[in-house]
Amino acid sequence: MNAETQFHVLAVDDSIIDRKLIERLLKTSSYQVTAVDSGIKALKYLGLLDDDNTMKDTNSHEVEVNLIITDYCMPEMTGYDLLRKIKGSTSLRDIPVVIMSSENVPARINSCLEQGAEEFFLKPVRQSDVNKLKPRLLRGKLQDDLLENVEGINKRKSAGECVSQDRTRARYNDLEL
């Protein structure tokens, strides 16, 4: 897979074992992975938190992340809180977020999906779970590319705008009848 189609995933989990497992599963599927151990570090990485942990939301962020996968139960900030902050951000709200949890609590799963989570995986995450992500990311990338092409077409001048009427008339004025 070339670098152009390689997706960058931000993996967030306070458990080093679970973080290493999800990192290995993602890398096996050719994802570029950045792993952090807390929601606060994820927000800092994404540029939504200053060094003094105050929220900011700029329209430009330096990192290109195609997907965020986060544990639900973490100290300081849960995966649910992280999801809400990302979906509340004007610059990052379109990034898909996947929540993972070892607890199968239907109310929790539903509230995460209602707040905009793309998917909810039960731990331990398996390769088959990770394999579900690529078609969704590719679909999102194709939609983004299509929108970009449509916007580019709309910005181009029509043929009539490109040709000066004076220049075309001058060529025909020299012809003898």
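**Group meeting: a walk around helix α3**

Okay, so buried residues make up 37% of the 177 residues in this chain. Keep in mind that what you have in front of you is a predicted model.

Let me start with the overall layout. We have eight helices and five strands. If you read along the sequence, the pattern goes β-α-β-α-β-α-β-α-β-α-α-α-α. And on contacts: take those in the chain with a separation of 6 or more, and 62% of them are between residues 24 or more positions apart.

Now, on to α3. Which residues of α3 are buried? They're Gly 79, Tyr 80, Leu 82, Leu 83 and Ile 86. These residues sit on the same side of α3, because they cover an arc of only 160 degrees around the axis. So what covers the buried residues of α3? The cover includes three strands you can find on the screen, β1 at 8-12, β3 at 67-71 and β4 at 97-101, plus the helices α2 and α4.

Let's take α2 next. In general, you describe two packed helices by the angle between their axes and the distance between the axes. Here α2 is residues 39-46 and α3 is residues 79-87, and they pack at an angle of about 20 degrees with the axes 10 Å apart. Angles under 35 degrees count as roughly parallel, so that makes α2 roughly parallel to α3. As for handedness, the crossing of α2 past α3 is right-handed.

Who's actually touching? On the α2 side, the contact is made by Gly 39, Ala 42, Leu 43 and Leu 46. From α3 you get Leu 82, Lys 85 and Ile 86. Sort the residues of that contact by type and you have five nonpolar, one polar and one charged. Leu 82 and Ile 86, by the way, were both on the buried list for α3 a minute ago.

Last stop is α4, which also helps cover those buried α3 residues. The helix runs over residues 106-114, and I'd like you to click on Leu 113 in there. Is Leu 113 buried, partly exposed or exposed? Its relative accessibility is 38%, and buried would need under 20% while exposed would need over 50%, so Leu 113 counts as partly exposed.

What does Leu 113 touch, leaving aside its neighbours within four places in sequence? That would be Glu 118, Glu 119 and Phe 120. And if you measure across to Ile 99, 14 residues away in sequence, the C-alpha to C-alpha distance comes out at 9.0 Å.

That's my tour, thanks everyone.

How values were computed: Residues are numbered from 1 along each chain as its sequence is written. This is a predicted model: local features need pLDDT of at least 70, side-chain atom pairs count only at pLDDT 80 or more; totals for chains, interfaces and linings use all residues. Side-chain values use heavy atoms; hydrogens and water are left out. Axes are lines fitted to C-alpha atoms, for helices over the stretch in contact, and angles run from 0 to 180 degrees between N-to-C directions. Helices (H or I, at least four residues) and strands (E, at least two) are DSSP runs, numbered from the N terminus. Angles under 35 degrees count as roughly parallel, over 145 as roughly antiparallel, 65 to 115 as roughly perpendicular and the rest as oblique. A crossing is left-handed if the near helix is turned anticlockwise from the far one by less than a right angle, and right-handed if clockwise. Contact means heavy atoms within 4.5 Å. Ala, Val, Leu, Ile, Met, Phe, Trp, Tyr, Cys and Pro count as nonpolar, Asp, Glu, Lys and Arg as charged, and the others, Gly among them, as polar. Buried means under 20% relative accessible area, exposed over 50%, partly exposed in between (1.4 Å probe, protein chains only). The arc is that of the directions from the helix axis to the C-beta atoms.
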